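Colleague: I am new to reading models, and I would like to know where the words come from. Could we go through a few of them together?

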Amino acid sequence: MTDFSFGDDIVEDRDDIVVGDVTEPAKAGTPSNEPSLLAQLKSALSKDVKREEIMIEVPERPGLVIRFSPNITQHMIKSWRRASGEDKKGGMDAIRFASHVLANTCTGMLLNGQEITENGDPVTFNHETVMKMVGASRVFDCVREVYGLDPHIEAAALAILDASGFNDDVERVDPTKTS
């Protein structure tokens, strides 16, 4: 038996724990027609954790709805913050950061309920045709031109970040108490 030390706690490498096929029948004392706890855990962990896309109306553009994927990682946030001047003397530009959130999570646009596509592909802020329509050479400028007002850009970015889970409450549970 090998001991691994983590601070003051000792974790034992136990030879009686087998890692392998977790679909074995349940041990004595549990109904045989129910999967074991390990099989249930394997099933739960095999599913992708992904948030559903959200739709946000552009307030000053009647009928225009933008679709966003709120599946955002901490690495993405860090990259967008750096690109928005976080490490510069003047500090981070909040509208530039919000524009990065919108530009990088946009998965499509709808007008009057219909998906806007070109050659079968959904158009987004970084789509060449959309950028030409608004006279933008950078995706940051395209977001600003499509939304028109900075507060709407920031509000949309906050809605996406909320949908991504960055504002979720995580509660502690006491497994000894039943509800």
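Modeller: Gladly! Let us begin with "contact", which means heavy atoms within 4.5 Å. This is a predicted model, in which local features need pLDDT of at least 70 and side-chain atom pairs count only at pLDDT 80 or more, while totals for chains, interfaces and linings use all residues. Residues are numbered from 1 along each chain as its sequence is written, and side-chain values use heavy atoms, with hydrogens and water left out.

Colleague: Which residues is isoleucine 160 in contact with, leaving aside its neighbours within four places in sequence?

Modeller: Isoleucine 160 meets Ile54, Ile56, Phe68, Pro70, Ile72, Val101, Leu102 and Thr105.

Colleague: Why is isoleucine 66 called buried or exposed?

Modeller: The rule uses relative accessible area: buried is under 20%, exposed is over 50%, and partly exposed is in between (1.4 Å probe, protein chains only). Isoleucine 66 has 0%, so it counts as buried. This residue is found in strand S4; helices (H or I, at least four residues) and strands (E, at least two) are DSSP runs, numbered from the N terminus. Beyond residues up to four places away in sequence, isoleucine 66 touches nine residues' worth of company, among them Ile54, Val58, Phe125 and Tyr147.

Colleague: And what makes a group of residues a nonpolar core?

Modeller: Such a core is a set of buried Ala, Val, Leu, Ile, Met, Phe, Trp, Tyr and Cys residues joined through side-chain atoms within 4.5 Å. The largest one here has 31 residues, and Ile66, Phe68, Leu102, Phe125, Tyr147 and Ile160 have the most contacts inside it. Elements that each supply at least two of its residues include strand S4 (64–68), helix H3 (94–105) and helix H6 (150–164). H3 gives the largest share, six residues.

Colleague: How do you know that leucine 45 is exposed?

Modeller: Leucine 45 has 65% relative accessibility, so it counts as exposed. You will find leucine 45 in helix H1 (residues 37–46). Leu38, Leu41 and Leu45 form a nonpolar surface patch, with about 320 Å² of accessible area together. Patch members need over 30% relative accessible area and no salt bridge; like charges are joined within 9 Å, and nonpolar side chains (Val, Leu, Ile, Met, Phe, Trp, Tyr) within 5 Å. The areas come from the Shrake-Rupley method with a 1.4 Å probe, and for residues only the protein chains shown count as cover.

Colleague: What makes arginine 144 and aspartate 150 a salt bridge?

Modeller: A salt bridge needs a side-chain nitrogen of Lys or Arg within 4 Å of a carboxyl oxygen of Asp or Glu. In this pair the closest N and O atoms are 2.7 Å apart, so the pair meets the rule. Arginine 144 is partly exposed at 31%, and aspartate 150 is partly exposed at 28%. The count by this rule is six salt bridges.

Colleague: Which parts of the chain does the salt bridge of glutamate 53 and arginine 67 link?

Modeller: First the distance: the closest N and O atoms of glutamate 53 and arginine 67 are 3.1 Å apart. The pair links distant parts of the chain, 14 residues apart: glutamate 53 is in the loop between H1 and S3, and arginine 67 is in strand S4. Arginine 67 counts as buried at 15%, whereas glutamate 53 is partly exposed at 40%. Together with Glu115, these two are linked in a network of salt bridges.

Colleague: Why do S3 and strand S6 stand at the edges of the sheet?

Modeller: Two strands pair if DSSP finds at least two bridges between them. The open sheet has four strands in the order S3-S4-S5-S6, with antiparallel pairing. S3 and strand S6 (114–115) each have a single partner strand, so one side of each is left without a neighbour in the sheet.

Colleague: How many bridges join S4 to S5, and how many pair S5 with S6?

Modeller: Five bridges join S4 to S5, and phenylalanine 68 has cysteine 106 in S5 as a bridge partner. S5 and S6 pair over two bridges, so they satisfy the rule of at least two. For leucine 110, the bridge partner in S6 is glutamate 115. S5 and S6 also form a hairpin with two residues between them, and asparagine 112 in the turn has a positive phi of about 50°.
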